[in-house]
Amino acid sequence: MESKDELTSNLIVLLNRIKTFSCPEYKDVYTKSYFEEVVKPIITNPENTYSFIFGDFNKLGVINDVHGHDFGNRVLEIAMRIIKKSLPNDSLIVRAGGDEIYIVLPNSNKEIADKYIAKINNNLQQNAVTISGLSIELASSDSTYGDIDSLIKITDNEVNNIKAARKESNSPADILADDFLDLQIPKSVSSQEEYSWNELNDFINISIYEFLKNFRPSKNFEFKPQQIVDSADFVTNSFLCLLNDKLDNQLPKNFESLMKNDYPYSPNYDNIINNKNKKNNLSTDDAILINALMVRKKGFSDLNDFSEDELKKLIHNSENLLDQLTKDHTGLLNKHYFRLSLAQQICNSNEKYSASYVSFSGLKLSNTAYDHSFSDYRLDKSNKLLIDETSKLLNYTNTAFDFNSRNIYMISQGGGNYLYLYPKSMSKDIKPKISSIVNKINDKVNIKDPNSYLETSYYSMSDTESLPTSSSKQFIRYIRALKEETNSNKNSFKKNLFKSADAYFAFKKSMCNCVDYYI
C-alpha cells in the first residue's frame with residue numbers, strides 16, 4: 001500500500017504531465033480533448049453564464065505552403081499570443097482544429113464577446129506584418145442561446161456564411177491569369193457581349209483552379225499526355241452534361257437530390273454515426289478541481305491538505321484524463337505524445353529505430369464533393385479498417401509513458417495520417433506487413449462509390465536506414481520528410497481520382513455557378 005507521500009508524489013507527476021499535454025502546442029492554448037473532458041463539464045452547469053466565440057483563420061494553409069510548416073506554426077503562435085492578450089485573464093482558448101479555435105468568456109454575454117472580437121481583429125491588423133497577414137473570422141453567441149454544442153454549431157455556421165459571402169482580395173484570377181485557358185469567343189459580338197464572354201472565361205478558369213486544388217498536387221505531380229486528354233474529356237463532358245441538364249430544367253435545386261438522381265452511387269448519409277453525445281468521465285466537481293490545479297501559478301504545494309481517499313480519487317481521474325490527452329479519437333497514441341515524449345525517449349535509448357508512414361488520400365476532395373460530416377464518417381471507417389488490419393499483424397504498444405526500446409508503435413498523426421515506429425532490427429519483418437495492410441485496404445476501395453474506403457498511400461525507410469537520434473527536433477523533422485515522401489506516392493491515386501464519384505460531384509458543385517452565368 002502506498003503512503004500518503006507516495007500518493008502525493010505520483011499525483012504531482014500526473015498533474016505535471018496533464019499540464020504539458022493540455023497545452024501541447026502554444027502557451028495557455030488548450031487541446032480539444034481538454035475542452036471535451038474538463039471544460040465542458042464545468043460550463044454545462046446551468047448556473048454558469050458565459051459567451052462563446054468560434055474562430056477560423058484565413059489563409060493559414062497558404063502561409064504553410066509558401067513558407068513551410070515551421071514558419072506557419074511560428075506565425076500562428078504569435079497570433080495566438082496576440083489573441084490571448086486581447087482577452088480577459090479568465091478567458092480560455094482552445095485549438096479545436098488546424099485552423100479553428102474556441103474562446104470561452106466566463107460571466108459574459110454576446111454583446112461583451114462582440115467587443116472582444118473587435119479588439120482581436122484590431123490587434124491582429126496592427127501586427128499584420130509580424131504575422132504575415134494572417135487574419136481570422138470570428139462569430140459569437142452566449143449561454144442564453146443553448147448548450148455549448150448548440151453554440152459551436154451556431155457560430156460555426158455564421159463563420160462559414162461570412163467566408164462564403166466575402167470576396168477574396170487576391171483571387172486566383174489575379175494570381176494565375178497567365179496560365180488560364182481562353183474561351184473561343186463567337187464572332188461579330190458586341191463589346192458588352194465580348195466583356196461577358198471574358199468574364200465567363202475567368203469564372204470557369206477560377207472554378208477549375210479551385211476544383212483542381214482539391215487534389216492537393218505535390219511538386220512532382222506530373223501528367224502524361226494521355227492523362228491530360230482524359231482529364232480534359234472529364235472536364236468538358238461534365239460541363240456539357242451539367243449545361244444540358246440546366247437548359248432542360250432537369251437539374252434539381254437541391255444538391256443531395258442531384259446526387260441521388262443522376263449517379264448510380266450516392267453518399268449514404270444514414271450511415272453517419274453521431275459521436276457528439278459522448279459522456280464525460282469527469283463530474284462537474286472533479287473537472288472544477290482539476291482545472292483549478294492546472295491554472296494555478298504556485299504549483300501543487302497544498303496537495304498535503306487532501307486525505308488519502310481524495311488523493312486516490314484524484315489520481316484515478318488524472319490517469320483517465322491523461323489517457324484522453326495522449327490519444328486521439330481513434331484510440332491511438334497521438335502526435336502530441338509523439339512530439340513531446342516518445343521522440344525524446346527513442347533518442348535517449350540505444351536502440352536504432354526505423355519508420356513507415358501511412359496516409360489516406362482524397363479527403364479534401366471528399367469534403368468539397370459532399371460535406372465534412374460525411375467525409376469524417378468515411379475517414380473514421382477507413383481509420384478503423386487500418387487499425388483492425390494492423391492489430392492482426394503487429395503487436396504494437398498503445399500505452400503512454402511505458403517506453404521499452406523493443407516496442408513497436410502506431411501513432412496517429414491526425415487527419416488520416418499514421419506513423420509506425422519500430423526497431424531497425426525488425427524492419428525486414430515489419431515492412432512487408434505494413435505493405436500487406438495497405439494493399440488490403442486499397443483492394444476494398446471502389447472510387448465510383450462515395451461510401452467506399454479512402455485510398456491509402458505509404459512510404460517505408462530502407463532496411464539500411466535508421467532515424468536520426470542526435471536530438472528530438474532532428475528526429476521529428478525527419479518524420480516530416482517521410483510524410484512528404486508518402487504524399488508524393490499519392491500521385492497515382494490522385495490522377496485516378498479524376499474518374500471518381502468524388503471528382504464528379506465536386507466538379508458539379510464548382511461549375512454550377514458558371515453554368516448559371518452562361519445561361
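The exercises below, each with a worked solution, concern the predicted model shown above.

Residues are numbered from 1 along each chain as its sequence is written. In this predicted model, local features need pLDDT of at least 70, side-chain atom pairs count only at pLDDT 80 or more, and totals for chains, interfaces and linings use all residues, while side-chain values use heavy atoms and leave out hydrogens and water.

**Exercise 1. The chain as a whole**

State how many helices and strands the protein chain holds, and what share of its residues is buried.

Step 1. The protein chain has 19 helices and nine strands. These are DSSP runs numbered from the N terminus, helices being H or I over at least four residues and strands E over at least two.

Step 2. Of the 519 residues in the protein chain, 45% are buried. Buried means under 20% relative accessible area, with exposed over 50% and partly exposed in between (1.4 Å probe, protein chains only).

Step 3. Contacts (heavy atoms within 4.5 Å) can also be sorted by sequence separation. Among those in the protein chain between residues at least 6 apart in sequence, 76% join residues at least 24 apart.

**Exercise 2. The five-strand sheet**

Determine the strand order of the open sheet of five strands, and identify which strands stand at its edges.

Step 1. The order is 1-3-4-2-5, and the pairing is mixed. Two strands count as paired if DSSP finds at least two bridges between them.

Step 2. Strand 1 (29-31) and strand 5 (135-142) each have a single partner strand, so one side of each lacks a neighbour in the sheet.

Step 3. From one strand to the next, the twist averages 25°. Angles run from 0 to 180 degrees between N-to-C directions, and axes are lines fitted to C-alpha atoms, for helices over the stretch in contact.

Step 4. Seven bridges join strand 2 (residues 50-58) to strand 4 (residues 100-106) in the antiparallel sense. Within this pairing, D56 has E100 in strand 4 as its bridge partner.

Step 5. Helix 5 packs on this sheet and touches strand 2, strand 4 and strand 5, its direction making about 170° with that of strand 5.

**Exercise 3. Two helix pairs**

Classify the crossing of helix 4 with helix 5 and that of helix 11 with helix 12.

Step 1. Helix 4 (residues 69-85) and helix 5 (residues 110-126) have axes that come within 9 Å and cross at roughly 140°. Helix 4 is therefore oblique to helix 5. Angles under 35 degrees count as roughly parallel, over 145 as roughly antiparallel, 65 to 115 as roughly perpendicular and the rest as oblique.

Step 2. On the helix 4 side the contact is made by A79, I82 and I83, which meet I120, N123 and L124 in helix 5. The residues of this contact are five nonpolar, one polar and no charged. Here Ala, Val, Leu, Ile, Met, Phe, Trp, Tyr, Cys and Pro count as nonpolar, Asp, Glu, Lys and Arg as charged, and the others, Gly among them, as polar.

Step 3. The axes of helix 11 (residues 284-295) and helix 12 (residues 308-325) come within 11 Å and cross at roughly 80°. These two helices are therefore roughly perpendicular to each other.

Step 4. D286, L289, I290 and L293 in helix 11 meet K313, L314, N317, S318 and L321 in helix 12. That contact divides into five nonpolar, two polar and two charged residues.

**Exercise 4. The four-strand sheet**

Describe the open sheet of four strands and the helices that lie on it.

Step 1. The strand order is 7-8-6-9, with antiparallel pairing. Strand 7 and strand 9 (456-460) stand at the edges with a single partner strand each, so one side of each has no neighbour in the sheet.

Step 2. Strand 7 (residues 409-414) is mostly covered, five of its six residues being buried. Five bridges join strand 7 to the antiparallel strand 8 (residues 417-423), and M410 has Y420 in strand 8 as its bridge partner.

Step 3. The hairpin of strand 7 and strand 8 has two residues between the strands, and G415 takes a positive phi near 65° there.

Step 4. Strand 6 (residues 353-360) pairs with strand 8 over seven bridges in the antiparallel sense, and S354 stands opposite Y422 in strand 8.

Step 5. Helix 15 (residues 372-393) packs on the sheet, touching strand 6, strand 7 and strand 8, with its direction at about 145° to that of strand 6. Helix 16 (residues 427-443) lies across strand 6, strand 8 and strand 9, and runs at about 170° to strand 9.
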